[in-house]
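Let's take a walk through this fold together. Please have the structure open and ready to rotate as you read.

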Amino acid sequence: MPASSPPQINNATARHLFLDRHGLAAPLRGTATVEDVNSTIKSLGFVQVDSINTVARAHHMILASRLPGYKESHLKRLLEKDRQLFEHWTHDASVIPADFFPHWRLRFERDREKLIGRWRNWRQNGFEAKFNEVLQQVSDHGPVSSSTVGEGEKRSNGGWWNWHPSKTALEFLWRTGALSVCHRQGFQKVYDLTERVIPSAHRETLFEDHQTIDWAARAALNRLGFATSGELAAFWDLITPAEAKTWCEQKLAAGEIQEVLVECADGVVRKCFAAPETLDTLDNLSEPPSRVRILSPFDPALRDRKRAERLFGFHYRIEVFVPEPKRQYGYYVFPVLETDKLIGRVDMKAHRSEDRLHVKAFWPEKGTRLGKGRIAKLESEIGRMARFSGCSSVTFERDWLRTS
């Protein structure tokens, strides 16, 4: 008897599921508590941290797009006082629920092996000789930053490759778990001994490698809804593609996950994996609210640019490092979501000294009509972003509404 073909998820349903798992499908409330923020981050898995402050820093925008009542003090409290979160690496620097800290021991071990060789070749500044000195300074005198270690070492205004030896040691000790970020001054990381930052319950919990691999793959699939093995590996960047592939093979054989066919925006069908319980929810998914949301370029829903393009037909690349004459849109352009579609991108910047958010341009996606209702919703969201950025007014270029 021939095997039945995998169930198929049409594109609209796939988008609804994806947005639901990324916290962008629920109706928005006007208030938010510290507990709401903590719950949102745990549901997402992590929130990327980025320094660019064109309107607001990425981590704050990510949370504000899901919690309109979000305040930056909420995140500060969770990180620096309650210790419900810790800062470390996923695919990039991120804030992560402290409950997940025990699984990051696998990353510490692997980064130690990986970085020691790479950094010896790239830095060549004797940073390894500074490990004990830096640790002793922190132990004896408390938290440090890169500016308060390595007294007498030559400083440079260059990039990461020009770090002085003690800064390199400091970063290595953070990446490998001996130190943790206890707070930030401005945007500069301040480090302390991990035992003085991470609650003991999380530090004392130990997992075998196979337990962390199982957790990482399972938790990633839950947050993505459907995924290939490669996407599961990339989600936390904690396990290897080979480990994720083996996990999928084993769980498929055990009936814990199943193959599904997901329709992309262009009609192409792609084979993925999903949990059976996820498929049981598809008929009950609610359509996302019809409001417009301006997203951070580093929003979790857009982190995997190729996946977002397959699912929404939205091609997005950040142009921060593109020379200005070669930019298609702008230095730091924000994607715009309406209901379950990415309808365009907006170039805007907070001029705080002038108390205004200035909108340079909005480019609608091809086929997106700019009727009065849609423009009104867009302007309302721009006004909300202005207030969130600390500006009381919005100004627009005369030709800010561009053609698709």
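**A helix on the inside**

P165, S166, K167, T168, A169, L170, E171, F172, L173, W174 and R175 are the buried residues of helix α7. This is a predicted model, so please read everything below in that light. Since eleven of the eleven residues in α7 (residues 165-175) are buried, the helix is largely enclosed by the rest of the structure. What lies over it? The cover on its buried residues includes the strands β3 (85-89), β5 (179-185) and β6 (188-193), together with the helices α5 (104-122) and α6 (131-141). After α7 comes G177, with a positive phi near 95 degrees.

Now step back to the whole chain. The protein chain holds 14 helices and 13 strands. Its radius of gyration is 23 Å, close to the 22 Å that the globule rule gives for 404 residues, so the chain is as compact as a globular protein of that length. The C-alpha trace spans about 70 × 60 × 40 Å along its principal axes. Of the 404 residues, 53% are buried. If you count contacts between residues at least 6 apart in sequence, 63% of them join residues at least 24 apart. As for the outside, the accessible surface comes to about 19200 Å², and 48% of that belongs to carbon and sulfur atoms.

Next, look for the nonpolar interior. The largest nonpolar core has 43 residues, and Y70, L75, I294, F334, V336, V346 and M348 are those with the most contacts inside it. Elements that each supply at least two residues of this core include the helices α2 (34-44), α3 (58-64), α4 (72-80) and α14 (372-388), as well as the strands β9 (292-294), β10 (333-338), β11 (341-351) and β12 (356-364). Another core, of 32 residues, lies apart from it, with I198, L224, W236 and A244 among its members.

V346 is a good residue to click on. Which residues does V346 touch, leaving aside its neighbours within four places in sequence? They are I294, V333, F334, V336, V359, A361 and F362.

Finally, trace the sheet. Five strands form an open sheet in the order β9-β10-β11-β12-β13, with mixed pairing. The edges are β9 and β13 (393-396), each with a single partner strand, so one side of each has no neighbour in the sheet. On average, neighbouring strands here are turned by 35 degrees against each other, direction ignored. Within the sheet, β10 and β11 pair in the antiparallel sense over six bridges, and V333 has D347 in β11 as its bridge partner.

Technical notes. Residues are numbered from 1 along each chain as its sequence is written. This is a predicted model: local features need pLDDT of at least 70, side-chain atom pairs count only at pLDDT 80 or more; totals for chains, interfaces and linings use all residues. Side-chain values use heavy atoms; hydrogens and water are left out. Buried means under 20% relative accessible area, exposed over 50%, partly exposed in between (1.4 Å probe, protein chains only). Helices (H or I, at least four residues) and strands (E, at least two) are DSSP runs, numbered from the N terminus. Contact means heavy atoms within 4.5 Å. A nonpolar core is a set of buried Ala, Val, Leu, Ile, Met, Phe, Trp, Tyr and Cys residues joined through side-chain atoms within 4.5 Å. Two strands pair if DSSP finds at least two bridges between them. Axes are lines fitted to C-alpha atoms, for helices over the stretch in contact, and angles run from 0 to 180 degrees between N-to-C directions. The radius of gyration is taken over C-alpha atoms; the globule rule is 2.2 Å times the number of residues to the power 0.38. Accessible areas come from the Shrake-Rupley method with a 1.4 Å probe; for residues, only the protein chains shown count as cover.
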